[in-house]
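Visitor: Please take me through one part of this protein in close detail. I would like to look at a sheet, and then see what surrounds it in the overall fold.

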Amino acid sequence: MRSSRCCVLYNHPHCVICLLRIFAWLIPLCLLQASVLLTPAHPGALARLRLNKLKAYPGDVLRADLKASSAIERLDIFLAGHRIMFRSTVGLERWSGLVGIDLETKPGEHTLKGTVTLAGGQTVGVEQDFRILPKTFPVQRIRVDEKFVTLDREAERRVAEETKKLQATWKSSSPERLWRGRFILPVASDMTTGFGRRRIVNNQARSPHAGVDLKAGSGTPIRASNGGRVVLAEDLFFSGKTVAVDHGLGLYTYYAHCSRMLVQPGEIVKRGQAIAEVGATGRATGPHLHWACRLNEARVNPLELTKAWMSEEPGAVERRGDSSGRISESFLPLTGDP
Ligand SMILES: [Zn+2]
């Protein structure tokens with residue numbers, strides 16, 4: 001019907017209803033145009049986040065590499081609510097970080113994601129999906145003194161206090177990388193108990209084995225697996241005499257059941273330096289070193305740190321010209337944890 005059609009087409013340019021109709025069409029077009037201008041056509045062209053492996057098991061360590069088209073001012077990348085700490089590897093455009101997959105992570109699809117703030121203030125969203133494969137850990141039955149299984153009130157209070165202190169420790173890592181290359185085994189030994197075993201202690205289910213047990217005689221020197229700062233040297237209820245070293249960027253190693261501790265909190269240690277001696281203090285069935293690792297608060301297998309790829313330096317090609325071997329790095333502010 002002629003009356004229902006736009007009268008501009010029929011030479012009625014001053015019709016108010018038609019002008020309103022035209023504006024009604026223009027408004028969504030303008031909004032669409034604005035959103036195109038505010039959102040980059042290809043966010044991946046501005047910043048890309050990649051993992052070195054897209055399939056992993058609980059307890060694994062992955063490397064995340066971030067590449068941006070211009071200098072990065074700030075990174076806010078998280079896995080399961082935990083911040084992943086990065087270091088710059090080439091200029092301020094390329095960054096790298098280690099990602100820990102907790103021992104009790106559920107199998108299935110997971111996403112590492114967050115935002116990258118570029119110099120100039122532009123913020124770009126980045127993410128990388130990956131898959132956690134199911135893994136069945138063997139069951140281990142052990143017998144220990146009943147006081148380590150049925151805790152009295154004083155022991156319960158002590159354990160709660162120690163747990164709180166350790167959890168706070170895992171959140172306060174140095175923003176600088178204090179380690180270099182592969183980690184070493186703290187004692188030369190055959191492993192006696194593997195990572196992740198489900199434990200039945202005196203016939204009661206207990207938390208899984210979040211480290212590896214290295215068999216060694218009492219008094220054997222325990223060596224720092226890599227450079228770092230001692231953040232704990234204390235006699236704990238379950239772990240006995242325990243040393244923890246912060247290697248920076250959210251990565252810690254933990255040495256338990258020692259007979260003697262040779263370092264103090266705050267001390268800087270080098271890879272291979274004797275920091276304690278093997279013992280059987282705390283909940284232990286005999287002399288051995290319980291060696292564990294925390295990374296972005298996740299309980300990961302410390303043997304992952306001894307793998308060859310840990311010594312690979314992302315962006316090493318670009319740095320070949322540096323004969324001094326020294327790498328200048330800069331680090332991001334670490335504020336605003338969720
Ligand atoms: Zn152990």
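Guide: Here is the sheet, followed by the wider fold and the core. Keep in mind that this is a predicted model.

Start with the sheet. It is open and has three strands, in the order 10-12-13. Its pairing is mixed. Strand 10 covers 139-142 and strand 13 covers 204-206. Both stand at the edges with a single partner strand each, so one side of each has no neighbour in the sheet. From one strand to the next, the twist averages 30°.

Now the pairing of strand 12 with strand 13. Strand 12 spans residues 198-201, and three bridges join it to strand 13. The two run antiparallel. One residue pair can be named here: arginine 199 has arginine 206, in strand 13, as its bridge partner.

Next, the wider fold. The protein has three helices and 23 strands. Of its 338 residues, 34% are buried. Among contacts with a separation of 6 or more, 68% link residues 24 or more positions apart.

Then the core. The largest nonpolar core holds 62 residues. Those touching the most other members are Leu66, Ile84, Val116, Val243, Val245, Tyr255 and Ile275. Strand 18 (residues 251-258) gives this core its largest share, six residues. Domain 1 (43-134) and domain 2 (139-306) each supply at least three residues to this core.

Finally, look at valine 116. Leaving aside residues up to four places away in sequence, valine 116 touches Ala47, Leu66, Ala68, Ile72, Leu75, Val124 and Val126.

Key: Residues are numbered from 1 along each chain as its sequence is written. This is a predicted model: local features need pLDDT of at least 70, side-chain atom pairs count only at pLDDT 80 or more; totals for chains, interfaces and linings use all residues. Two strands pair if DSSP finds at least two bridges between them. Helices (H or I, at least four residues) and strands (E, at least two) are DSSP runs, numbered from the N terminus. Axes are lines fitted to C-alpha atoms, for helices over the stretch in contact, and angles run from 0 to 180 degrees between N-to-C directions. A residue is buried if 20 or more other C-beta atoms lie within 10 Å of its own, exposed if 12 or fewer, and partly exposed in between; C-beta atoms are placed from the backbone. Two residues are in contact if their C-beta atoms, placed from the backbone, lie within 7 Å. A nonpolar core is a set of buried Ala, Val, Leu, Ile, Met, Phe, Trp, Tyr and Cys residues joined through C-beta atoms within 7 Å. Domain bounds come from an automatic or database domain assignment.
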